[in-house]
Amino acid sequence: MHIDAITLYHLQLPYVAPFQTSRWTELDRECVILRVQAGGLTAWGECTASKNCAYSYETTKTNWLILEEFILPAVFKAQPDSIEAYREAISHINGHPMAKAGLEMAFWDLFAQRAGVSVQQLLGGSGDRVKVGVSVGIQPDTEQLVKVVEGYLKDGYRRVKLKIKPGRDVTEAAAIRRNFPDLLLQVDGNSVYRLADAEHLKELDQFNLLLIEQPLAHDDIFDHAKLQPQLKTPVCLDESITSVEHARWALEMNACRVINIKPGRVSGMHEGRLIHDYCHTRGIPVWMGGMLETGIGRAANVALASLPGFTLPGDISASARYYAEDIIDPPFTLNADSTLSVPQGVGLGVKVREDLVKKFTLREQEFKE
Ligand code: OSB
Ligand code: MG
């Protein structure tokens, strides 16, 4: 199967509301979307990096640069016909997991289409639904936060994640717990705390949280291993797990009791599945993280989240939670049991609205051998 052309789109898709974390705010999703044309088939991928380098050093523009200068030339030369061959073709490139994962996603779509199966089947997932929750950004004040959470509960979400930051973390977690005593609740620090904050973080133990996500530095495992024994709440690592080796280090060091898997952060669904398998055999729960993906990345995430070790609800919400106009048809909707349905068609199983991709594209370029 010859790879004829790969088109990159620098997308800018407005969110329905600003998304604020402990360390940055975003008003729209800027990301690279990829279209691969090969053997008469068209496949799609999405790079998860955004405009800012606050979550990771990667950005929309570095994704584009690394794809253009290194990944695409390697791929046109190697003409990979499997995920393994793709990974081999780019194995000389260090770092830049989100750039690599974006094209890998398109290859999962392509190879699933070639085999006449869904990406879910190609990955070895099963079931037609995955449990999901909603990630709630920092709001102007506590009263507003309670209202926003209430709205999501009315929409049908049964698990909520709060973005937390120093100065308001304990009061906000307390307010949400007081208003919603039985809610499945977790928090995400996005690497804003330090080990010296351990005494303060212990106050969160009283709220019966499912987990606290990435409290300490984005590249830290060592201090998390010193923090976890001091907390009753399970620590979940996000930013600092970028490969199955990191997952092994974290578990061997008892730095966390849960791991969040984001295919982009770990260089693709292949590595994400390795982390899943590693944790699953050790009884460590994993869950699917989110990067506010468009419908393309969301389709890939629900497929991977259907592997059996994804026992906690994922950060994979309905299209309408993020976008007035998602770039797929139909958009993802929430089922009454707080699940999203896994597309059952061939490939990613979603129809990409090329007209909307074009409408929200700032820059587009086609690459050939
Ligand atoms: O830390 O999980 C995170 C979004 C962008 C970057 C980092 C994170 C997030 C989220 C959103 O929490 C999850 C979602 O896609 O709904
Ligand atoms: Mg996180």
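**Notes on the predicted model**

1. A good place to start is Trp24: with a relative accessibility of 13%, Trp24 counts as buried, since the cut-off for buried is under 20%. Please keep in mind throughout that this is a predicted model.

2. On to the aromatic rings. Taking ring centres within 6.5 Å as a pair, the count comes to seven aromatic pairs. One of them joins Trp24 and Tyr55: the ring centres are 6.4 Å apart and the planes stand at 65°, so this pair is edge-to-face. Trp24 belongs to the loop between strand S1 (3–20) and strand S2 (25–38), while Tyr55 belongs to the loop between strand S3 (41–46) and helix H1 (60–78), so the contact ties together parts that are 31 residues apart in sequence. Tyr55, like its partner, counts as buried, here at 10% relative accessibility.

3. Tyr322 and Tyr323 make another aromatic pair, tilted this time, with 5.9 Å from centre to centre and 35° between the planes. Tyr322 is buried at 4% relative accessibility, and Tyr323 is buried with a relative accessible area of 3%. Ring pairs also bring in Tyr15, giving a cluster of Tyr15, Tyr322 and Tyr323. A ring of another kind of interest is that of Tyr278: the charged end of Arg282 sits over it, 3.7 Å from the ring centre.

4. Now the metal site. Which residues coordinate the magnesium ion (ligand 2)? The donors are Asp188 (OD), Glu213 (OE) and Asp238 (OD), at 2.1 to 2.3 Å. Their spacing along the sequence reads D-x24-E-x24-D. Glu213 is part of strand S8 (residues 212–213), and Asp238 is in the loop between strand S9 (235–237) and helix H9 (244–252), so these two donors tie together parts that are 25 residues apart in sequence. Glu213 is buried at 0% relative accessibility, and for Asp238 the value is also 0%, again buried.

5. The sheet around these strands deserves a look. Seven strands form an open sheet in the order S5-S6-S7-S8-S9-S10-S11, with parallel pairing. At its edges are strand S5 (134–136) and strand S11 (286–288), each of which pairs on one side only. Strand S7 (residues 184–188) pairs with S8 in the parallel sense over two bridges, and Val187 stands opposite Ile212 in S8. The donor Asp188 falls within the range of S7.

6. Moving along the sheet, S5 and S6 pair in the parallel sense over three bridges, where Ser135 stands opposite Lys161 in S6. Is S6 enclosed or open? Five of the five residues of S6 are buried, so this strand is largely enclosed by the rest of the structure. The side chains divide between two directions: Arg159, Lys161 and Lys163 point one way, Val160 and Leu162 the other, and all are buried. I would invite you to look at the charged residues in that list while you have the model open.

7. Two helices go with this part of the sheet. Helix H5 (residues 142–155) lies across S5 and strand S6 (159–163), and its direction is at about 170° to S5. In helix H6 (residues 169–179), eight of the 11 residues are buried, so H6 is largely enclosed by the rest of the structure. The buried residues are Asp169, Val170, Glu172, Ala173, Ala174, Ala175, Ile176 and Arg177. What covers them includes H5, S6, S7 and helix H7 (198–202).

8. Finally, some backbone points to check by eye. Most residues other than glycine have a negative phi, and most peptide bonds are trans. His96 has a positive phi, near 50°; it is in the loop between helix H2 (83–89) and helix H3 (97–115) and counts as buried at 19% relative accessibility. Ser191 has a positive phi too, near 65°. Ser191 is in the loop between S7 and H7 and is buried, with a relative accessible area of 5%. The peptide bond that joins Asp329 and Pro330 is cis, with omega about -5°, and Pro330 is in the loop between strand S12 (328–329) and strand S13 (339–341).

Notes. Residues are numbered from 1 along each chain as its sequence is written. Chains are lettered from A and ligands numbered from 1 in the order in which they are written. This is a predicted model: local features need pLDDT of at least 70, side-chain atom pairs count only at pLDDT 80 or more; totals for chains, interfaces and linings use all residues. Side-chain values use heavy atoms; hydrogens and water are left out. Rings of Phe, Tyr and Trp (its six-membered ring) pair if their centres lie within 6.5 Å; planes under 30 degrees apart count as stacked, over 60 as edge-to-face and the rest as tilted. Helices (H or I, at least four residues) and strands (E, at least two) are DSSP runs, numbered from the N terminus. Buried means under 20% relative accessible area, exposed over 50%, partly exposed in between (1.4 Å probe, protein chains only). A charge sits over a ring if NZ of Lys or CZ of Arg is within 6 Å of the ring centre and within 35 degrees of the ring normal. Donors are N, O and S atoms within 2.8 Å of the metal (3.2 Å for Na, K and Ca); water is not among the atoms, so sites may look incomplete. Two strands pair if DSSP finds at least two bridges between them. Contact means heavy atoms within 4.5 Å. Axes are lines fitted to C-alpha atoms, for helices over the stretch in contact, and angles run from 0 to 180 degrees between N-to-C directions.
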